[in-house]
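Open the model in your viewer and keep the selection tool ready. We will go stop by stop.

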Amino acid sequence: LESMIRLAEAHAKMRLAETVTADDVSEAVRLIKSALKQAATDARTGLIDMGLLTEGTSASERRRKGDMKTAVLSLLDEMTRAGGAVRYAEVVRRLGEQSSVQIEGGEFAEVLRSLEQEGAVQVSGEGPRRSIRRITRAV
């Protein structure tokens with residue numbers, strides 16, 4: 001509300017007017033709507049998603065990362081039945097083969113970091129020797 005008041009006052013000042021009119025308020029409303037639409041439009045879906053403003057990521061992006069987490073854990077469970085580690089590059093390759101969309105390296109790394117923080121996986125090594133181990137807890 002305060003920003004709308006400031007915008008309406010600024011619009012009146014631009015007209016060199018001493019009073020704010022309904023037209024100034026209408027322009028302030030239009031500017032705020034336009035800014036919200038631009039800042040909160042999900043590039044993937046084209047829909048307005050206020051999560052972009054409040055959380056920094058869209059609902060579709062959060063859903064995609066959640067789906068990727070589930071897929072990575074499922075793939076690791078399949079690949080490490082004996083409890084061993086698997087090569088990082090092999091997990092990326094197999095995940096890419098299973099996915100209907102392109103898997104970006106940065107997005108995959110971010111999902112793995114999140115899984116590490118949750119205590120679900122452990123990543124070790126560097127470069128081509130980098131490996132991933134699935135961590136399971138005994139119940």
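Select Q122 and look across to strand β3: R133 stands opposite. You are looking at a predicted model.

Now widen the selection to residues 121–124, strand β2. Which residues lie on the covered face of β2, and which on the uncovered one? V121 and V123 make up the covered face. Q122, your starting point, shares the uncovered face with S124. In a regular strand, side chains alternate between the two faces of the sheet.

Add β3, residues 131–134. It runs antiparallel to β2, and 4 bridges join the two strands. Click V121 to find one of the pairs: its bridge partner in β3 is R134.

Next, follow the chain from β2 towards β3. The two strands form a hairpin, with 6 residues between them. Stop at G125 in the turn, where phi is positive, about 85°.

Which strand also pairs with β3? Select residues 85–87, strand β1. β1 and β3 pair in the antiparallel sense, over 3 bridges. Pick R87 here, and then its bridge partner in β3, S131.

Leave the strands and select residues 59–79, helix α4. Zoom in on R64, which belongs to this helix. Is R64 buried or exposed? R64 is buried, because its relative accessible area is 16%, under the 20% cut-off.

Show the side chains of R64 and E107. They make a polar contact at 2.7 Å. To finish, display R44, V101 and Q102 as well. Leaving aside neighbours within four places in sequence, R64 is in contact with these three residues and with E107.

Methods. Residues are numbered from 1 along each chain as its sequence is written. This is a predicted model: local features need pLDDT of at least 70, side-chain atom pairs count only at pLDDT 80 or more; totals for chains, interfaces and linings use all residues. Side-chain values use heavy atoms; hydrogens and water are left out. Buried means under 20% relative accessible area, exposed over 50%, partly exposed in between (1.4 Å probe, protein chains only). Two strands pair if DSSP finds at least two bridges between them. A polar contact is a pair of N or O atoms within 3.5 Å; within protein, one must be able to donate a hydrogen and the other to accept it, and residues adjacent in sequence count only if both atoms are side-chain atoms. Contact means heavy atoms within 4.5 Å.
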